[in-house]
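Before the terms used for a structure can be trusted, it helps to ask what each of them rests on. Please look through the structure below with that in mind.

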Amino acid sequence: MKENFDLNVCYRKVFEIISTECNMQKVINSIADYAEVSFLVVDIGGKVLAASGKKQDMGYLSEQEIDYNDSMIKIITKCIECQNKNEQKTSTYIEDDGEYKVVNSIEVKGNTEGFCIEIISSDADMSEDEKELICQVNDITCQALGMVLERYGTQVHYHSSTLRRMIARSLFEGETEERLRLKGMQEMYDAYVKAPFIVATLELKKDSMVCLQKAGNQIIDVYHNSFVYIKERTLSVLFCDIHLEETKGIIRHILDKICEKYDMLCGFSDVFEKIELIDKKSFMVLRALEIGRKVEPDKRLYMEYDYYIQIVCSCAAPYIGKARYLEHELLQLKFEDEAKGTEFYNTLKEYLLHGNNVSMTSKKLYIHRNTMIYRLGKINEILDVDINDPVVSRRLMLSIMLQEQEESM
């Protein structure tokens, strides 16, 4: 730290910036230049938001540029431990791999939204008074950054603990298990992230961060063993310890009420056992939501299981294209319908969807059973296959689904 250092200058610098531009990058650059230290600003999951000396338009810095990885979470958890022990939100002085860091949480309306890490190359010949001064510099910076985050409106105000939110962020951002199981997170992870699981994705019909926050709070209040992660217009939830069939019904009821109250749509998974599947389940749930919204717009809840075939076909359609089974013959059915006003294509689709059951399909289409049998005979003639052969039926169903997915995309 420079000689004749004046803490009041730090106050003046940061709050002059806040009063004009409210720029996170300029705040930390200004203090770093004056105090001759470095700053790193991270969110609650340890992802870098800004670093002194870096251009703001770089966005999130890569792990190759900032080689902290696991040590970042270690530093954050040490800070949380010290704050919990001392019961106050002041900066913590930490030695880490030969470097000395001062860490404090960035608070917005009582919620921890990130951490400011002040990096000092060496504490050689640094007195206790100087260490205290360095901590005060970091406290000032944290106050300023809290104001910046609040004005940006990007903060996520929901009332779960910081560690629980860090775990939620790591789970839904696909970070490694090793990062989750560091000191400070191990005990909570083992206690609460327990199989079986259900994943849900809730999406607003209209942008409203407040609604997302309220919905997240309500889920945590009603189902305590859940992890909530908010990003842009989406609310992702991991429900843990789903052992009873009754619990599945309760979760469905919770999601339905929240969607009704906050005008949201929701896709959710069936129960699964391995946490390693969370990425794939989240993907399938989001696809179920996208597909369900198009084909059944009057619904609020879309379950992965109900759209399983469509989800699989939506992934395969771009690769298979028009190389589908009996593609030409199925097009002939459509041409026949257009030319003569028949209903062969839709009849075939409903027949296959209803397990090749004549009675059920005729009821669905509101036609006489004899009409149904006549149509099936004509369909067999045009396609020149036995549509009641189980292998042919499966291939035809997949081909129709692939065709519809290609058209929807």
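The questions and answers that follow take up confidence, overall make-up, cores, single residues and a pocket.

Q: What makes some parts of this model more certain than others, and which elements have the lowest and the highest mean pLDDT?
A: This is a predicted model, and its confidence is given by pLDDT, which runs from 0 to 100. The mean pLDDT of the protein chain is 83, with 86% of its residues at 70 or more. Among the elements, helix H6 (residues 177-180) has the lowest mean, 52, whereas strand S10 (residues 301-303) has the highest, 96.

Q: Where does pLDDT stay under 50?
A: One such stretch is residues 55-69, for which the model has 23 contacts beyond four places in sequence. Another is residues 154-158, with 25 contacts of that kind.

Q: How many helices and strands does the chain have, and what percentage of its residues count as buried?
A: The protein chain has 16 helices and 10 strands, and of its 409 residues 50% count as buried, a word that stands for under 20% relative accessible area. Of the contacts with a separation of 6 or more, 64% join residues 24 or more positions apart.

Q: Why is a set of residues called a nonpolar core, and which members of the largest one touch the most other members?
A: The name is used because the residues are buried, belong to a list of nonpolar types and are joined through side-chain atoms within 4.5 Å. The largest nonpolar core has 35 residues, of which Val 27, Phe 39 and Leu 145 touch the most other members. Helices H1, H2 and H4 and strands S1, S4 and S5 each supply at least two residues of this core, and H4 gives the most, with 9 residues. Apart from this core lies another, of 34 residues, among them Cys 79, Leu 163, Ile 167 and Ala 168. In soluble globular proteins, nonpolar side chains tend to be buried together.

Q: Which residues is Val 27 in contact with, leaving aside its neighbours within four places in sequence?
A: Val 27 is in contact with Val 14, Ile 17, Ile 18, Thr 141, Ala 144, Leu 145 and Val 148, where contact stands for heavy atoms within 4.5 Å.

Q: Why is Glu 132 called partly exposed?
A: Glu 132, which lies in helix H4, has a relative accessible area of 45%. Since partly exposed covers what falls between the cut-offs of 20% and 50%, the value of 45% places Glu 132 in that class. Its C-alpha atom is 9.8 Å from that of Thr 92, although the two residues are 40 apart in sequence.

Q: Is Arg 300 buried, partly exposed or exposed, and what value decides this?
A: The relative accessibility of Arg 300 is 31%, and this value lies between 20% and 50%, so Arg 300 counts as partly exposed. Arg 300 is found in the loop between H10 and S10. Beyond its neighbours within four places in sequence, Arg 300 is in contact with Asp 256, Cys 259, Glu 260, Met 264, Leu 265 and Cys 266.

Q: Which residues lie closest to the centre of the second largest pocket, and which helix supplies the largest share of its lining?
A: The second largest pocket holds about 440 Å³ of space, and of its 18 lining residues the closest to the centre are Ile 291, Val 295, Tyr 307, Gln 310 and Gln 405. H10, H11, H13 and H16 each supply at least two lining residues, with the largest share, 5 residues, coming from H10. The lining divides into 7 nonpolar, 4 polar and 7 charged residues.

Technical notes. Residues are numbered from 1 along each chain as its sequence is written. This is a predicted model: local features need pLDDT of at least 70, side-chain atom pairs count only at pLDDT 80 or more; totals for chains, interfaces and linings use all residues. Side-chain values use heavy atoms; hydrogens and water are left out. pLDDT is the predictor's confidence in each residue, from 0 to 100. Helices (H or I, at least four residues) and strands (E, at least two) are DSSP runs, numbered from the N terminus. On a 1 Å grid over the protein atoms alone, a cavity is a set of points where a 1.4 Å probe fits but cannot get out, and a pocket is an open set with protein on both sides within 12 Å along at least five of seven lines; lining residues have an atom within 4 Å of a point. Grid points are joined across faces, edges and corners, and a volume is the space filled by probe spheres set on the points. Ala, Val, Leu, Ile, Met, Phe, Trp, Tyr, Cys and Pro count as nonpolar, Asp, Glu, Lys and Arg as charged, and the others, Gly among them, as polar. Buried means under 20% relative accessible area, exposed over 50%, partly exposed in between (1.4 Å probe, protein chains only).
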